[in-house]
Amino acid sequence: METFSQFCVVRYEGGASINKVRTGADQLSAIATDLLAGKRFGLLTNPTGINAQYRSTIDSCAAISEGKLTAFFACEHGLRSEKQAGIQFEDELDPVYGLPVYSLYGSNRKPTTSMLADLDVLIVDIQDLGIRFYTYLTTLIYVIEACAEHGVTLIVLDRPNPLGGTKVEGGLLNEQYRSMVGAWRMPMLTGMTIGEFARLINGQRDTPCDLKVIPLLGWNRKMEYSDTGLPWLMPSPNMPTIDTVRVYGGHCLFEGTNLSEGRGTTKPFELIGAPWLQSEKLCKVMNELQLPGVHFHPYTFTPMFSKHQGERCQGIFTYVTDRSTYQSVETGLHLVHYVMLLHEHNFEWLGNEAGHPFIDLLTGDNRVRLQLHEAQGLNEIVESWSHDSTQWRESRKPFLLYEE
């Protein structure tokens, strides 16, 4: 065990293969005696919580004899990913194990005193994307806060960042724009695993919790998920493949617009469009920019749900031609910019349920909404965000676990 001032990392090397990545979930039985003996524990997870033998962490935790599993916790999309994006839900009873499932995506976004009253330990095992506005990171932040306030030990079973550990993109969140899609001063792409991110949040808090990270074995920062040999399950209903994850960091910006971001198709986020989009012209303009690692092609689609449901959309499909040079956030900014220029009478920013411009929450500031329509504004945002990303690379260094 390696002990740090505000967290610890527990390494269990037994049986590890240097040729195969092992997640924290693969080491669950090894940690049970040391960390769970005589403890009452809860589990925050979803279907991505599986080990290399395809066994769910739910079943693995239920079988632990050293301690007692007393509750489940669920973030957006539910314990078994049965809920679409943005669907709020309340506490329920798990039909398989008869244990309470506490919702962290309903009336409560943070574990309450009553939820934690019968817990000594809370385990987290969720495949995150390492992207700020994917809400699992926000839930983790709230969980760390609650565990610190109630004296509950937090164990994070680490998982790979699907994009690897080197991609850092986007501007740092402005504190006044904190929301469920951004709750920390961080860029859009963190370049961190969920365990590393937990260490950073806990290490930067005035009052840290008792955090233990069970690290990956055999992973390095250059590995994308497809390099790990691990089984892939959709982290959410509209995140089917690593190709989706790769473009999500930039194309998610279209959630704040009146264009479809491809929800309701088999290629969410890889497709964007609208009935009025001049797709041929937009593709020509975007390809002439020669942005690194990407090509755009016109494609017509009809969403089965979400924006423009049942309407034929003139769209574009994004091909990532070189994943090492592709920059999803900068590409997304250019794409929104030229959509605005070509369709100034059709393009609109959308508000959230409270009426606030959703793009401000996604980007963590109002600069995109106010400046992106001008070429100078686009260039200033790109330059500023590049500076922010460099700053983040330095601030995250003390909390990294893995080498390139």
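Colleague: In which loop does Phe 269 lie?
Modeller: The model is predicted: local features need pLDDT of at least 70, side-chain atom pairs count only at pLDDT 80 or more, and totals for chains, interfaces and linings use all residues. Residues are numbered from 1 along each chain as its sequence is written, and side-chain values use heavy atoms, with hydrogens and water left out. Helices (H or I, at least four residues) and strands (E, at least two) are DSSP runs, numbered from the N terminus. Phe 269 is placed in the loop between helix 6 (242-251) and strand 10.

Colleague: What is the phi of Phe 269?
Modeller: Most residues other than glycine have a negative phi. Phe 269 is not a glycine, yet its phi is positive, at about 75°.

Colleague: Does Phe 269 count as buried or exposed?
Modeller: Buried means under 20% relative accessible area, exposed over 50%, and partly exposed in between (1.4 Å probe, protein chains only). Phe 269 has a relative accessibility of 1%, so the residue counts as buried.

Colleague: What is the phi of His 77, in the loop between strand 4 and strand 5?
Modeller: His 77 lies in the loop between strand 4 (68-74) and strand 5 (92-93). His 77 is buried, with a relative accessible area of 4%. Here too a residue other than glycine has a positive phi, near 85°.

Colleague: What is the order of the open sheet of three strands?
Modeller: Two strands pair if DSSP finds at least two bridges between them. Strand 10 and strand 12 (residues 313-320) run antiparallel and are joined by four bridges, with Ile 272 opposite Ile 316 in strand 12. The pairing in this open sheet is antiparallel, and the order is 10-12-11.

Colleague: Which strands of this sheet stand at the edges?
Modeller: A strand with a single partner has one side without a neighbour in the sheet, and this holds for two strands here. They are strand 10 (271-274) and strand 11 (294-301).

Colleague: What angle does helix 7 make with strand 11?
Modeller: Contact means heavy atoms within 4.5 Å; axes are lines fitted to C-alpha atoms, for helices over the stretch in contact, and angles run from 0 to 180 degrees between N-to-C directions. Helix 7 (residues 279-289) packs on the sheet and touches strand 11 and strand 12. The direction of helix 7 makes an angle with that of strand 11 of about 175°.

Colleague: What is the centre-to-centre distance of the aromatic pair Phe 73 and Tyr 102?
Modeller: Rings of Phe, Tyr and Trp (its six-membered ring) pair if their centres lie within 6.5 Å; planes under 30 degrees apart count as stacked, over 60 as edge-to-face and the rest as tilted. By this rule there are 10 aromatic pairs. Phe 73 and Tyr 102 are both buried, and Tyr 102 in strand 6 is also the bridge partner of Phe 73. Their pair is tilted, with 50° between the planes and a centre-to-centre distance of 5.3 Å.

Colleague: How many residues apart are Phe 73 and Tyr 102?
Modeller: Phe 73 belongs to strand 4 and Tyr 102 to strand 6 (residues 100-103), and these strands run parallel, joined by three bridges. The aromatic pair thus links distant parts of the chain, its members being apart by 29 residues.

Colleague: Which residues form one aromatic cluster with Phe 269?
Modeller: Two of the members, Tyr 134 and Tyr 136, are buried. These two form an edge-to-face pair, 4.8 Å centre to centre with 65° between the planes. The partners of Phe 269 in the cluster are Phe 133, Tyr 134, Tyr 136 and Tyr 248.

Colleague: How many residues of strand 7 are buried?
Modeller: Both faces are covered: Val 121, Ile 123 and Asp 125 lie on one side, with Leu 122 and Val 124 on the other. Strand 7 pairs in the parallel sense with strand 3 (residues 40-45) over five bridges and with strand 8 (residues 153-157) over four bridges. Strand 7 (residues 121-125) is largely enclosed by the rest of the structure, because its buried residues number five of the five.

Colleague: Which helix gives the largest share of the largest nonpolar core?
Modeller: A nonpolar core is a set of buried Ala, Val, Leu, Ile, Met, Phe, Trp, Tyr and Cys residues joined through side-chain atoms within 4.5 Å. The largest one has 122 residues, and those touching the most other members include Phe 73, Ile 123 and Leu 154. The largest share, 10 residues, comes from helix 4 (residues 136-150).
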